[in-house]
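Work through the exercises below with the sequence and the model open. Each task is followed by its solution in steps.

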Amino acid sequence: MQTQKKILIAFLLNLFFAIFEFIGGILTGSVAIISDAVHDLGDAMSIGLSYFLERKSKQQPDEHYTYGYSRYSVLGGLITTVILLAGSVFVIFNAITRLVDPVKIDYDGMMIFAVIGVFVNFTAAYTTRGGDSINQKAVNLHMLEDVLGWAVVLVGAIVMRVTNWYILDPLLSIAIAMYIFYNAFKNLKQVLDLFLEKTPANIEINQLIKCLKALEGVVDVHHVHLWSLDGQHHYATMHIVTENQNPAMKKRVKEELSKFDIEHVTIEFESPHEQCSNVSCTVTHELSGGHHHH
């Protein structure tokens, strides 16, 4: 199933469940359930935005975005991840206030909504599992947060019904929020690495250069730049020093780079006797704000 379809299913499940919670909260008079409905409605809007950005990311390159729209998917992942981080902090803050001033729980109502909540959100989490899209991973983490949240509500309601340990609810909430915060933070680091054009984590640049230099006819490789648009589509530019400046050499280089999952490469050929001024590619910033390569 395509990433955008998975995100759409997660959006629809979250939206319908939020509406269900609103109705249930009004019928039962539960402010807690209505509050969670507002939270889930916010989740649905976030996932809906992720779906829109995922669709946008599939557009082909044009005169405005010559690299294509892949980074829109990363933007969706960034927004969802930031919402997750903020939500985790909010949950921890509220749970701490509950530790200080425990609130009596309506066990029966909790258990009914918890069972439905676990089922709906587990379906959404299962649907969005796997995949390499950072956007999909962020949405999946969002769904996992809701599954764990409702699972805690269910277990907590059962235990509290027997023991009256009201403090258990906020303690479990803090544990889950910290787990989600940790994973969301890792997701955020991945997103920032992409926007800062860091070398893809799965590529060792020295190993790549070594493999290219091992090709017959290649004298040297330098001025190598690697980056990724969305964590899946990797790009590279480089200078290849060789006497064989022909299509066959270019093909061999591209075939070698494909082993590193680099699908788009720009190669500049140089002869062994040619002096390249950009070997080290050290950027010097002038006082005027401009820069040039040495």
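## Exercises on burial and packing

**Exercise 1.** Decide whether Ser73 is buried, partly exposed or exposed.

Solution. The model is a predicted one. Residues under 20% relative accessible area count as buried. Ser73 has 6% relative accessibility, so Ser73 is buried. Next, place the residue: Ser73 belongs to helix α3, residues 71–100. Beyond four places in sequence, Ser73 touches Leu53, Glu54, Ser57, Ser133 and Asn135. Other buried residues of α3 include Val74, Gly77, Thr81, Leu84 and Ser88.

**Exercise 2.** Check the span of α3 against the value expected for its 30 residues.

Solution. The expected span is 1.5 Å times one less than the number of residues. For the 30 residues of α3 this gives 44 Å. The end C-alpha atoms are 44 Å apart, so the two values agree.

**Exercise 3.** Find which residues touch the most other members of the largest nonpolar core, and which elements build this core.

Solution. The core has 20 residues, and Leu208 and Met238 touch the most other members. Two or more residues each come from α7 (205–213), β1 (218–228), β2 (234–242), α8 (247–258) and β3 (262–270). Contacts of Met238 beyond four places in sequence include Leu208, Leu212, Val221, Leu257, Val265 and Ile267. Another core, of twelve residues, lies apart from this one; among its members are Ile7, Phe11, Ile47 and Val147.

**Exercise 4.** Which residues make the nonpolar surface patch of about 380 Å²?

Solution. The patch is made by Leu12, Phe16, Ile19 and Ile23. Leu12 sits in helix α1, residues 3–28. Patch members need over 30% relative accessible area. Leu12, at 35%, is partly exposed.

Conventions. Residues are numbered from 1 along each chain as its sequence is written. This is a predicted model: local features need pLDDT of at least 70, side-chain atom pairs count only at pLDDT 80 or more; totals for chains, interfaces and linings use all residues. Side-chain values use heavy atoms; hydrogens and water are left out. Patches are made of residues with over 30% relative accessible area and no salt bridge: like charges are joined within 9 Å, nonpolar side chains (Val, Leu, Ile, Met, Phe, Trp, Tyr) within 5 Å. Accessible areas come from the Shrake-Rupley method with a 1.4 Å probe; for residues, only the protein chains shown count as cover. A salt bridge is a side-chain nitrogen of Lys or Arg within 4 Å of a carboxyl oxygen of Asp or Glu. Helices (H or I, at least four residues) and strands (E, at least two) are DSSP runs, numbered from the N terminus. Buried means under 20% relative accessible area, exposed over 50%, partly exposed in between (1.4 Å probe, protein chains only). Contact means heavy atoms within 4.5 Å. A nonpolar core is a set of buried Ala, Val, Leu, Ile, Met, Phe, Trp, Tyr and Cys residues joined through side-chain atoms within 4.5 Å.
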